[in-house]
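Visitor: Please show me the entry, and I will ask what lies behind the terms used for it.

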Protein chains: 2
Amino acid sequence: MKARFLTIAALLVTLQSLAQDSLMFRKISDEILLHGASYENLRVLCKNVGNRISGSAGAAKAVEWGEKAMKESGADKVWLQPANVPYWYRGKESLMLKIANGQYKKVTALSLGNSEGTNGKPLEAEIVMVHNFDELNALPAGAVKGKIVYFNYRFRQDFVFTFNGYGDAVKYRFASPSIAASKGAVGVIIRSMSTGADDFPHTGGMHYNDSFAKIPEMALGNYTADSLEKYCARGKVMAKMQSECHMNTDLRPSYNVIGEIRGSKYPDSIITVGGHLDSWDVGEGANDDGAGCVQSIEVLRAFKALGIRPKYTVRAVLFMNEENGTKGGEAYADSALSKKEHHILAIETDAGGFSPRGIGMEMADGLKERIRANKALFLPYGVYDFSMEEGGSDISPIHKKLNVPVAGLIPDSQRYFDIHHTNNDVFENVNHRELELGSVILAQLIYLVSEHELL
Amino acid sequence: MKARFLTIAALLVTLQSLAQDSLMFRKISDEILLHGASYENLRVLCKNVGNRISGSAGAAKAVEWGEKAMKESGADKVWLQPANVPYWYRGKESLMLKIANGQYKKVTALSLGNSEGTNGKPLEAEIVMVHNFDELNALPAGAVKGKIVYFNYRFRQDFVFTFNGYGDAVKYRFASPSIAASKGAVGVIIRSMSTGADDFPHTGGMHYNDSFAKIPEMALGNYTADSLEKYCARGKVMAKMQSECHMNTDLRPSYNVIGEIRGSKYPDSIITVGGHLDSWDVGEGANDDGAGCVQSIEVLRAFKALGIRPKYTVRAVLFMNEENGTKGGEAYADSALSKKEHHILAIETDAGGFSPRGIGMEMADGLKERIRANKALFLPYGVYDFSMEEGGSDISPIHKKLNVPVAGLIPDSQRYFDIHHTNNDVFENVNHRELELGSVILAQLIYLVSEHELL
């Protein structure tokens with residue numbers, strides 16, 4: 001009988017705890033949906049700072065913005081953490097195409113990030129179209145030498161979760177110049193990593209293998225890529241590439257922006273939540289990743305507004321240089337290592353300011369189960385998927401170097417690769433409620449882990 | 001032992017069936033995501049037809065468009081079903097506000113649908129602001145008589161599922177003129193039923209109680225509503241309303257557009273999937289409910305393209321007059337009654353072309369369970385919520401009159417009430433993949449019910 005009483009007592013405690021968590025989840029949601037500052041913060045970042053590639057004047061301005069916004073959130077302490085970053089310069093660029101004996105016509109294109117250009121001089125060559133690396137490899141060297149290779153690989157729209165399509169296609173952005181150069185190509189044009197039913201070209205990181213010539217790489221939006229596909233199928237197409245792109249080898253000083261609320265019980269144990277402050281040099285970096293920055297700051301603001309004093313220290317981090325170097329993420333991990341910091345959990349939000357659907361986790365199975373045991377609490381907020389192995393680029397170093405459990409916010413993925421790394425990634429393409437709901441989930445997750453010392 | 005063998009055999013059959021369903025779900029998804037016609041169909045409807053209030057030239061053009069699109073889907077049979085509809089006319093309208101002894105300034109406003117106007121003449125009166133019906137009722141009659149009542153009721157942003165906020169607020173659009181007129185008011189201004197962080201006013205249906213004067217009603221977008229709130233708090237505000245709005249009492253001939261694929265096994269048993277073809281007379285009726293129309297047509301196209309011959313007859317129906325009369329829905333139910341048709345299930349898609357999250361059901365619990373038993377099949381497509389009691393306006397008559405089980409597609413609700421019934425409900429605010437995923441879920445659900453004779 002005693003055992004049964006204990007079981008009932010334990011059950012009552014569990015139910016009471018569940019009811020309290022449920023109530024606090026609602027308070028967090030109400031606070032953020034009714035009084036959230038994230039949308040206005042994002043407007044200021046997008047419209048007053050704009051895009052902000054690492055090492056640029058925009059990035060420096062973004063650091064100032066972040067420090068101010070972090071202080072306004074009510075953080076107990078705000079500081080800048082040094083991180084030296086590369087600087088990639090786009091300059092002027094153009095791409096012109098000529099079909100058969102016609103005239104050259106300019107098309108919309110973007111050089112890929114980190115790509116070298118043509119020293120601003122015209123690079124004219126015939127285009128050879130391939131659909132994938134196998135097709136390129138099957139060509140005799142003579143068919144590629146001195147040509148510009150057009151990698152016409154389509155983003156697979158049949159993947160429901162669009163990040164799977166991105167994972168499938170991104171090698172054609174990242175690696176194709178060196179692979180083409182190994183067969184003597186002088187330039188590369190790619191179909192963008194894009195789900196868009198539009199013509200926005202997408203920039204994004206690429207990488208050279210030092211064994212081969214550093215040839216320029218440019219991306220086309222889907223409509224122009226479709227046209228070029230038709231032209232190439234019909235006959236000879238010439239291209240004239242011109243660009244001033246250049247990667248500075250010297251690093252420039254920059255910073256992560258950090259704000260924290262000190263833990264009430266374990267001030268030396270840290271939960272991190274962050275996004276990245278840098279963006280590519282196009283659009284406004286609204287979804288990638290202004291959204292993640294303002295959502296992270298909002299967690300601190302909501303905790304302060306609600307008088308939540310977390311047991312662990314909660315840090316919001318705006319990481320610098322996610323897009324082309326992850327120097328901010330490395331600096332954060334290195335600092336934690338050298339200071340022997342104790343990190344409980346690091347969460348990243350860098351998949352767009354869309355309606356949240358899940359929480360990805362990279363941690364021991366037993367820890368995942370402790371979070372999954374609370375799934376039902378998140379369901380009223382539209383979060384049901386706890387199945388993905390997912391953290392984030394900026395928290396990958398702390399995961400790898402300090403073995404810190406990491407998690408990632410998983411928003412709806414349908415629109416992300418329409419606008420990712422384009423001139424269309426602007427404030428107007430972020431919805432206020434979707435953005436705020438992302439903050440709600442982050443704040444709820446941190447509250448849960450901290451309140452119950454779950455990890 | 002025999003019993004155990006039978007159990008294992010039954011389990012194997014179940015597993016095999018699950019694997020087959022899963023495969024067919026994937027085929028449906030691939031077909032629609034890779035070759036779908038819904039997005040292009042929606043573009044034509046929005047850009048070549050535009051908005052299409054019942055009884056208008058736009059609605060007549062939309063019927064022609066629907067018939068053509070339905071035929072192009074490959075439907076076995078396409079026809080028009082007569083439904084006589086009311087015609088509400090907006091004409092010219094304006095709202096001007098004057099603060100204290102200042103000048104009148106025009107503000108952006110929209111008359112509510114079905115509202116009578118001012119016969120085109122200026123109606124000038126002082127504004128009295130209330131936040132809800134209780135505040136109005138507490139006012140002495142003298143404080144309201146001859147005045148224009150401003151119902152400044154805020155859409156509750158704290159509801160995560162925005163349709164709950166709409167359900168909470170919509171009475172201030174629907175019923176406030178007669179309630180205000182009962183106390184002698186001469187006009188009504190409302191804060192729109194809007195989640196928008198913007199100034200778009202939202203139109204939408206209202207209704208007069210014949211016992212009271214039919215006074216005009218106009219809606220403000222949130223920014224103007226905020227301004228008017230401040231003005232009223234400070235002192236006297238005058239308004240000048242002017243509008244030609246008028247409801248025609250004579251009905252006009254119109255049509256539902258219907259296409260069907262005949263069932264292979266039970267051609268006389270019908271599954272209906274539909275949206276509504278009419279819209280309000282603003283914007284392009286893209287999410288409300290062009291999306292539902294093209295999604296329904298897409299179900300037929302996908303079935304034909306995949307060679308799926310459903311056991312039951314599958315009908316796509318573009319209902320006329322959902323917005324202000326439901327005459328199309330009534331005509332569909334009355335026709336089914338008079339022809340003694342056997343309807344298995346009717347599904348509506350009228351909640352915007354956003355990422356699907358759930359399937360609502362209004363049917364006997366036992367039937368709901370048969371669908372819920374297959375939940376896991378829908379999860380890879382982002383659909384997890386089978387909890388809501390939900391059908392749709394157009395299928396409500398067939399549910400009520402013939403007791404047909406009904407279901408409704410539940411998309412993500414965050415953006416719907418930003419753009420619902422506004423000039424901002426345009427094609428550009430529908431995402432191609434989100435739209436297509438809605439069709440995927442509808443086609444999968446119909447396949448499942450038909451293939452397994454589930455209902």
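Visitor: What rotation superposes chain A on chain B?

Guide: The model is a predicted one. In it, a rotation of 180 degrees, with 0.0 Å of shift along its axis, superposes chain A on chain B at an RMSD of 0.0 Å.

Visitor: What makes the two copies related as by a two-fold rotation axis?

Guide: The rotation is 180 degrees and the shift along the axis is 0.0 Å; the copies are thus related as by a two-fold rotation axis. Among the residues of chain A, A:Tyr384 comes closest to that axis, its C-alpha being at 3.8 Å.

Visitor: How do you know that the same surface serves both copies?

Guide: Of the contact residues of chain A, 100% recur in chain B. The contact takes in 24 residues of chain A and 24 residues of chain B. On the side of chain A, the elements giving two or more residues are α1 (2-35) and α15 (432-451). Sorted by class, that side has nine nonpolar, eight polar and seven charged residues.

Visitor: Why is α9(B) called oblique to α15(B)?

Guide: The axes of α9 (residues 286-306) and α15 (residues 432-451) of chain B cross at roughly 55 degrees and come within 9 Å. Roughly parallel would need an angle under 35 degrees, and roughly perpendicular runs from 65 to 115. The angle falls in neither range, so α9(B) is oblique to α15(B). The crossing is right-handed.

Visitor: Which residues make this contact, and how do they divide by class?

Guide: From α9(B) come B:Ala291, B:Gln295, B:Glu298, B:Val299, B:Ala302 and B:Phe303, and from α15(B) come B:Leu435, B:Gly438, B:Ser439, B:Leu442, B:Ala443 and B:Ile446. Eight of the contact residues are nonpolar, three polar and one charged.

Visitor: What does α15(B) lie across, and at what angle to β11(B) does it run?

Guide: The helix α15(B) lies across β11 (266-276), β12 (312-319), β13 (342-348), β14 and β15 of chain B, at about 160 degrees to β11(B). An angle over 145 counts as roughly antiparallel, so α15(B) is roughly antiparallel to β11(B).

Visitor: Why do β1 and β14 of chain B stand at the edges of the sheet?

Guide: The open sheet has seven strands in the order β1-β10-β12-β11-β13-β15-β14 (chain B), with mixed pairing. Each of β1 (77-89) and β14 (356-362) has a single partner strand, so one side of each is left without a neighbour in the sheet. The twist from one strand to the next averages 20 degrees.

Visitor: How do you know that β14(B) pairs with β15(B)?

Guide: Pairing takes at least two bridges. Six bridges join β14(B) to β15 (residues 406-411) of chain B, so the two strands pair, and they run antiparallel. B:Gly358 stands opposite B:Ile410 in β15(B).

Methods. Residues numbered from 1 in each chain as written. Chains lettered and ligands numbered in written order. Predicted model: local features only at pLDDT ≥ 70, side-chain atom pairs only at ≥ 80, totals over all residues. Axes fitted to C-alpha atoms, helices over the stretch in contact; angles between N-to-C directions. Helix = DSSP H or I, 4+ residues; strand = E, 2+ residues; numbered from the N terminus. Left-handed = near helix turned anticlockwise from the far one by under 90°. Contact = placed C-beta atoms within 7 Å. Nonpolar A, V, L, I, M, F, W, Y, C, P; charged D, E, K, R; others polar. Least-squares fit on C-alpha atoms with pLDDT ≥ 70 in both.
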